[in-house]
Structure formats: C-alpha cells, structure tokens
Amino acid sequence: MPISHAARRQLFLDALEGQAAVIPAAQAMQHHADVEFPFRQDSDFWYLTGFDEPGAVALFLPHRPETPFVLFVPAKDATAEVWEGFRWGTEGAVQQFGADVAHPLDQLEVLLPDYLNGADGISFRVGRHSAVEPLVLKVWAQQLDRAPRLGMAPRQLSAPCPILHAMRLRKEPEEVERIRMAARISAEAHEKAREFARPDQNEAEVRATLEQHFLARGTRGFAYPSIVAGGDNACILHYTANNAPLRDGDLLLIDAGCSLSDYYNGDITRTFPINGRFSGEQRELYSLVLQAQEAAIAEVRPGATAEQVHERAVRVLVEGLVELGLLCGDLDGLIEQGAYRHLYMHRTGHWLGLDVHDVGAYRLGEHHISLEAGMVLTVEPGLYISDRLQPPEDQPAIDDRWKGIGIRIEDDVAVSQNGAEVLSAEALKSIEAMER
Ligand SMILES: [Mn+2]
C-alpha cells in the first residue's frame with residue numbers, strides 16, 4: 001500500500017476541531033549569490049501533502065467541509081520552468097495532490113482572510129515560517145478588530161505540533177517499510193565503507209564511498225552531513241570536516257545515513273579498526289559499548305520508555321567502566337550523579353522518521369511516553385576518550401593508552417507488537433566482523 005496523504009489529512013482535519021491550520025512548505029535557501037541549496041521540503045508539510053515545491057502553503061479548513069484542503073502553489077511559468085524545472089501549478093495541485101481548491105501563491109495575501117473567516121481558531125507554528133507568519137498574524141489581528149461587529153473571530157492561535165507530531169511519532173506500516181529501506185541502503189553503504197577503508201587514506205575518500213552508494217541507489221543522498229572520524233576526531237560528536245588522514249592503529253567512526261526520495265531516513269553509526277585489528281584497549285571499550293547497545297535494544301518493546309532504554313545503556317557502560325578502572329565509586333551513586341558524563345555525554349537515542357531527529361514528545365510533564373508498535377527510534381550508546389579529556393577531580397586520571405578512542409554503535413529500531421525489529425541489522429557490528 002502506498003502512503004496515503006489523504007488519510008492523514010482526514011485525521012488531522014478531525015483533530016483540529018474547528019480550527020483552521022496554516023501549514024507552510026519550506027522556502028528555497030540561498031547558498032551563495034544566486035545559487036540555492038538543494039531543496040528540502042518541510043516535513044510537516046510533506047507529511048500532509050506529498051508536494052515537493054518550495055514556498056507553497058497548505059490550508060486545512062474544517063469549518064469549510066466542502067473544500068477543507070486548499071493549496072497555494074507556485075504558478076505555472078514557462079520561463080521559470082526553463083531555469084528551475086517543472087512545476088505542478090494549480091491544476092496539478094488539484095489533480096495529482098488532491099487539493100479541493102488550488103491558487104497561485106501570489107494570491108495568498110488576498111484570499112487568506114476569507115478562508116480563515118469562520119474558524120474557531122488558527123493553528124500555526126510561530127517562529128518557523130518567516131515568510132508566512134506576518135501574513136497570518138495580520139489576518140488574525142484584522143479579524144479580532146472586526147469581531148465586535150461581525151460577532152465572531154478566531155479566539156486563539158494554537159500550535160499544530162501536538163496533533164501533527166503525535167501522528168508522525170506513530171508510524172504507519174508503510175512508513176516503517178520506507179525507514180526499513182532507508183536503513184538497508186545506509187547499512188549497505190557502511191559495509192562498503194568498512195571494506196574500503198585502509199590506513200593512509202583520507203576520511204574524505206571513505207565519505208565519498210558512502211555517499212556514492214547513497215546516490216547510486218537512487219536516494220536523495222545523505223540524510224545529515226556524514227561523520228567520518230578517524231582516531232581522536234571521533235570524540236567530536238558532530239565532526240563533519242572529514243578531511244584528516246586515517247592512521248594505522250586508530251579506530252574509524254562513521255555516522256551516516258541516506259534520505260529516500262520521500263524523505264524517510266536511515267541513521268547508523270559503526271566503529272572499526274582502520275588496520276583491521278583492535279588494540280587491547282580498543283577491544284575492551286568496543287565490546288563494552290556493544291554490550292550496552294545490545295542490552296538497550298533488548299529493552300525496546302511496547303510499554304517500555306525511551307528513558308528505560310537510555311538507563312539500561314548507562315548502567316551497562318558505567319558498570320564496565322568501573323571494572324576497567326576508568327570510573328571509581330558506587331555504581332548507583334555514579335549513575336545518579338551523572339559522574340560518567342565526561343565519557344558518555346549524550347542520550348542513547350532519538351525518534352527517527354521524516355526528520356532524522358524526528359518529532360514527537362519523549363515525555364509529557366513527569367510522564368515518559370510509552371513505546372508503541374510503529375514507533376521508530378535509534379539506539380546509540382558511545383564512549384569518548386579524547387586526547388584532551390580532563391576527568392573531574394573525584395574520578396581517576398586516564399592513562400594514555402586509552403586516549404584517542406571514540407566509539408559509538410547506532411542502530412535504527414522499530415517497536416513491533418511484541419518487541420523490536422532492528423531495521424539496520426545488515427550493517428554488521430560483532431567484534432569478529434569489524435576485524436579482518
Ligand atoms: Mn542518531
């Protein structure tokens with residue numbers, strides 16, 4: 001079954017309860033001079049429309065049941081299309097994308113007041129859409145001004161995110177299938193990169209291998225800037241320079257995933273010895289991270305929480321670090337005080353979907369969100385012992401033999417009816433598979 005944007009729109013319209021929603025597309029972004037970045041659609045807009053042109057605006061109007069879905073799109077323009085490519089125009093918006101009515105973008109300002117008239121409220125995310133926000137606020141202000149005479153006006157401006165992001169957090173089976181595909185292609189790229197990598201290459205060559213595979217497999221390319229980090233560079237969590245030589249004896253950490261044509265993403269991290277053999281210290285730490293990751297994945301099931309998954313990883317890591325003499329103190333005390341954070345400073349995972357760090361709450365107040373079948377999250381513990389690392393006063397100094405080691409192992413995991421499915425399992429991670 002293909003993904004049904006129409007079914008999502010119906011659910012969204014029902015949940016709006018009489019409020020009108022204004023959901024803008026992403027704008028084209030300038031790279032330099034008259035050159036733009038490759039276009040990336042806004043995920044909320046994409047989720048509801050599947051329409052991939054910049055600058056468009058979708059209206060959801062439950063108070064107008066005859067025409068609840070209105071699209072404003074870039075107008076057909078023969079000259080512009082010669083330079084920038086095909087546009088669907090208003091006819092395509094209706095025929096291909098199911099809009100009840102479509103208008104050229106330049107009519108938004110004139111027509112928006114009328115469309116929003118009669119709604120109980122306006123649902124619009126402030127702070128994110130600088131081109132559309134002044135218009136929405138102006139229309140609302142005008143309606144409030146006229147309310148005493150008209151006898152009605154939208155009473156509130158609300159955020160669409162709680163509705164929309166609760167929907168996006170719970171993936172349809174067709175979405176899990178797409179993430180499975182993204183994870184598979186990403187896993188293939190990791191396998192290729194590990195087979196390719198050798199001492200004295202540059203990080204950039206390994207990056208090229210990964211991204212060559214993403215493109216050859218028909219994806220849009222990387223989902224986020226690939227991290228190809230040899231040795232100490234692996235201790236920079238968002239390292240993207242990817243231009244240092246790979247040294248014999250170092251580990252190589254690769255955090256990379258592709259984005260499919262419909263924007264579903266893979267997000268995988270693997271770490272392996274560049275020369276094909278772990279040193280003793282590398283092996284100790286790698287097997288500890290792997291043990292933590294497998295224990296954390298084993299926690300993923302309906303009814304558990306992302307917090308429990310994180311806590312499990314932390315407990316295994318801290319236990320192992322105490323055993324290795326890299327932490328000292330009482331296990332529970334170390335965990336409670338976060339005394340491990342100089343070695344493991346990030347969370348164990350995040351939701352994964354149309355955004356790599358996907359939308360959806362992790363907690364509501366004090367209540368942690370329970371995992372449900374159809375949710376997809378990453379599980380990615382790590383350990384980072386930089387050359388520059390200064391442990392806190394009350395923790396042991398770290399011997400040089402442990403320095404310059406950064407390890408993370410990350411898989412994409414779908415919550416299933418009775419447990420979990422590792423979508424990225426085709427990227428190997430056993431100690432034996434990492435060596436050659
Ligand atoms: Mn991740």
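The following exercises, with worked solutions, concern a predicted model.

**Exercise 1. Determine how the chain is divided into domains and how far apart the domain centres lie.**

Solution.
Step 1. The domain assignment places residues 5-166 in domain 1 and residues 170-434 in domain 2.
Step 2. Between the C-alpha centres of domain 1 and domain 2 there is a separation of 37 Å.

**Exercise 2. Describe the side of domain 1 that touches domain 2: how many residues are in contact, which helices supply them, and how do the residues divide by character?**

Solution.
Step 1. The contact involves 6 residues of domain 1 and 5 residues of domain 2.
Step 2. On the domain 1 side, at least two residues come from each of α2 (43-49) and α7 (161-169).
Step 3. The greatest contribution to this side of domain 1 is that of α2, with 3 residues.
Step 4. By character, the residues on this side of domain 1 comprise 3 nonpolar and 3 polar, with no charged residue.

**Exercise 3. Locate leucine 331 in the secondary structure, and decide whether it is buried or exposed.**

Solution.
Step 1. Leucine 331 belongs to helix α12, which covers residues 331-337.
Step 2. A residue is classed as exposed if 12 or fewer other C-beta atoms lie within 10 Å of its own.
Step 3. Leucine 331 has 12 C-beta neighbours inside 10 Å and therefore counts as exposed.

**Exercise 4. Identify which residues leucine 331 touches, leaving aside those up to four places away in sequence, and state its separation from alanine 304.**

Solution.
Step 1. With those sequence neighbours set aside, leucine 331 touches Val318, Glu319 and Val322.
Step 2. Alanine 304 is 27 residues from leucine 331 along the chain, and their C-alpha atoms are 23 Å apart.

Conventions
Residues numbered from 1 in each chain as written. Predicted model: local features only at pLDDT ≥ 70, side-chain atom pairs only at ≥ 80, totals over all residues. Domains from an automatic or database assignment. Contact = placed C-beta atoms within 7 Å. Helix = DSSP H or I, 4+ residues; strand = E, 2+ residues; numbered from the N terminus. Nonpolar A, V, L, I, M, F, W, Y, C, P; charged D, E, K, R; others polar. Buried ≥ 20, exposed ≤ 12 C-beta atoms within 10 Å, placed from the backbone.
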